[in-house]
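Please look through the structure below with some patience, beginning with a single side chain and then widening the view to the whole chain.

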Amino acid sequence: GTSGRQIFQPLHTLRNAEKELLPGYHQFEWQPALKNVSSSWDVGIIDGLSGWTTFVEDVPADTISRRFRYDVALVSALKDLEEDIMEGLRERGLDDSICTSGFTVVVKESCDGMGDVSEKHGNGPAVPEKAVRFSFTIMSVSIRVEGEDDGITIFQEPKPNSELSCRPLCLMFVDESDHETLTAILGPVVAERKAMMESRLIISVGGLLRSFRFFFRGTGYDEKMVREMEGLEASGSTYVCTLCDSTRAEASQNMVLHSITRSHDENLERYEIWRKNPFSESADELRDRVKGVSAKPFMETLPTLDALHCDIGNATEFYKIFQDEIGEVYQRSNPSREERRRWRSTLDKQLRNKLKLKPVMRMNGNYARRLMTREAVEVVCELVPSEERREALKRLMDLYVQMKPVWRSTCPSRDCPDQLCRYSYNSQQFADLLSTTFKYRYDGKITNYLHKTLAHVPEIIERDGSIGAWASEGNESGNKLFRRFRKMNARQSKT
């Protein structure tokens, strides 16, 4: 890397050209004015706890958190795209002096917890610090012209999963499982977001004042965060899915035919039923009525499938299948721990020797991508005794490799139209294979992401046009930067 030179400077030494890129530089107003949000626009970094009204007996949240005011950050992001927006108008042959209102901005929101971010080489005690980052990406800007029904897209983010398009809004040292602190800090963000949805932003773009309205889509969350935000039980719940009401047993019986039923509003209604129990039911009956919604939904997310974690979840599942196939579990009942351990080390050794894949503690994205290839399955098959089982494994991976680009690519109808057309057929074939040849693993159980991969992908793509583009990856890449900043400003140990 760079030798000793520190690239990232503290805020007060930035040049003016750099300050323009930070929120709080550009003037704007809202019509009508935002409820409960000050109308001043030159607001930079604020304390993440500001806007959180405390009562006398409240213990202030024990955390450090910094954020931008949401509207100020959005203005900064739009001004950053000013040239792209003007160019988009020109390319569409629109006269920019007429286009002053009717702009719509679609925003993707992402939020993710990060594990250990304690200072690695300071001399103090090692503290288990955790952080949560909330960020947004401007996905598209479109305009409705008089007499036209549909909006005309004048800007579309070409790299929606790059950390370059993913703008940090709030950084907090909180454990993502600490629901109280997390919601206390994101509360004001939710309030600002709600206020902005009922108003129009007026800013100068290309020298003229123009008005924008915003749509927010919270799709950059992993399943753990979605369940937490939407009041659902944790991911080990019998209610396997954040998109439909299926139970794990149902999902393993009927792997493909489900439709998306859950929504934020419905979750809120169900929470009220859970709270009031209007039919005086037993705990079990009540839980079945509300399908596992047992906390108050806090932030609206858009039910989708997170492409990155889908990759990881399914690779973990395949890894376990490989392990079981090496031990020929299909023809015997519950093997001992020792045996399982032996198959596992055999598998790890083979993957390391033939594919240079080091065993990892927890599956990560890169490992998952390397494991889910035809090449990897060939290597594993060398350890599988029966020809018939080898064929089944290859067929399974073959189907998976055809399905994957559909929920991976930013624009499947453009990038992999054939696989998109065949998706439902392929997923049906895949499910058939699991429920027959690999029945020993899917009898009454199925993992959350595998269920979503098989049951919900076509419907989400029909609704959103893409799964990959709306994934949390940009935010995850940003985590890397966050770690980097933490280290550069950490105490360098002199020992």
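Is Arg369 buried, partly exposed or exposed? In this predicted model, Arg369 is partly exposed, because its relative accessible area is 32%, a value that falls between the 20% under which a residue counts as buried and the 50% over which it counts as exposed. The side chain of Arg369 meets that of Asp311 in a salt bridge, with N and O 3.6 Å apart. Since Arg369 lies in helix H11 and Asp311 in helix H9, the pair ties together parts that are 58 residues apart in sequence. The two partners differ in their surroundings, for Asp311 has a relative accessibility of 1% and therefore counts as buried, whereas Arg369 is partly exposed.

This pair also belongs to a network of salt bridges that links Asp311, Arg369, Lys404, Arg408 and Glu473. Within that network, Arg408 forms a salt bridge with Glu473, and the closest N and O atoms of the two are 3.1 Å apart. To place these residues, it helps to turn to the domains.

The domain assignment divides the protein chain into domain 1, which is made of residues 26-220 together with 473-487, and domain 2, which covers residues 229-463. The C-alpha centres of domain 1 and domain 2 lie 31 Å apart, and where the domains meet, 13 residues of domain 1 are in contact with 13 residues of domain 2. The size of an interface is often given as the accessible area lost when the parts come together. Between domain 1 and domain 2 this buried area is about 1200 Å², and carbon and sulfur atoms give 63% of it.

Charged and polar groups also take part in the interface. One salt bridge is found across the interface of domain 1 and domain 2, and three residue pairs are in polar contact across it. On the side of domain 1 that touches domain 2, the elements that give two or more residues are helix H4 (179-197), strand S9 (208-221) and helix H18 (473-488). Of these, H4 gives the most, with five residues. Sorted by class, this side of domain 1 has five nonpolar, four polar and four charged residues.

Salt bridges are also found elsewhere in the model, where the count comes to 38. Side chains of opposite charge can pair when their charged atoms come close. One such pair is Asp47 and Arg66, whose side chains meet with N and O 3.7 Å apart. Because Asp47 lies in strand S2 and Arg66 in strand S3 (residues 65-68), the pair ties together parts that are 19 residues apart in sequence. Asp47 counts as partly exposed at 37% relative accessibility, and Arg66 is partly exposed as well, with a relative accessible area of 44%.

Another salt bridge joins the side chains of Lys354 and Glu382, with 2.7 Å from N to O. Here Lys354 lies in helix H10 and Glu382 in the loop between H12 and H13, so the pair ties together parts that are 28 residues apart in sequence. Helix H12 itself (residues 374-381) holds several buried residues, namely Ala376, Val377, Val379, Val380 and Cys381. These buried residues pack against H9, H10, H11 and helix H13 (387-408).

What does a buried charged residue in a loop touch, as in the case of Arg441? Arg441 lies in the loop between helix H15 (417-436) and helix H16 (448-455), and it is buried, with a relative accessible area of 15%. Leaving aside its neighbours within four places in sequence, Arg441 is in contact with Glu317, Lys320, Ile321 and Asp324. With Glu317, the side chain of Arg441 makes a polar contact of 3.1 Å.

Some details of the backbone complete the tour. Most residues other than glycine have a negative phi, and most peptide bonds are trans. Lys356, in the loop between helix H10 (337-355) and helix H11 (365-371), has a positive phi near 55°, and Lys356 is exposed, with a relative accessible area of 65%. Lys291 has a positive phi too, near 50°, and is placed in the loop between helix H8 (283-290) and helix H9 (307-326). Finally, a cis peptide bond joins Gln31 and Pro32, with omega about -15°, and Pro32 lies in the loop between strand S1 (29-31) and strand S2 (45-47).

Technical notes. Residues are numbered from 1 along each chain as its sequence is written. This is a predicted model: local features need pLDDT of at least 70, side-chain atom pairs count only at pLDDT 80 or more; totals for chains, interfaces and linings use all residues. Side-chain values use heavy atoms; hydrogens and water are left out. Domain bounds come from an automatic or database domain assignment. Contact means heavy atoms within 4.5 Å. Buried area is the accessible area (1.4 Å probe) that two parts lose on being put together, summed over both. A salt bridge is a side-chain nitrogen of Lys or Arg within 4 Å of a carboxyl oxygen of Asp or Glu. A polar contact is a pair of N or O atoms within 3.5 Å; within protein, one must be able to donate a hydrogen and the other to accept it, and residues adjacent in sequence count only if both atoms are side-chain atoms. Helices (H or I, at least four residues) and strands (E, at least two) are DSSP runs, numbered from the N terminus. Ala, Val, Leu, Ile, Met, Phe, Trp, Tyr, Cys and Pro count as nonpolar, Asp, Glu, Lys and Arg as charged, and the others, Gly among them, as polar. Buried means under 20% relative accessible area, exposed over 50%, partly exposed in between (1.4 Å probe, protein chains only).
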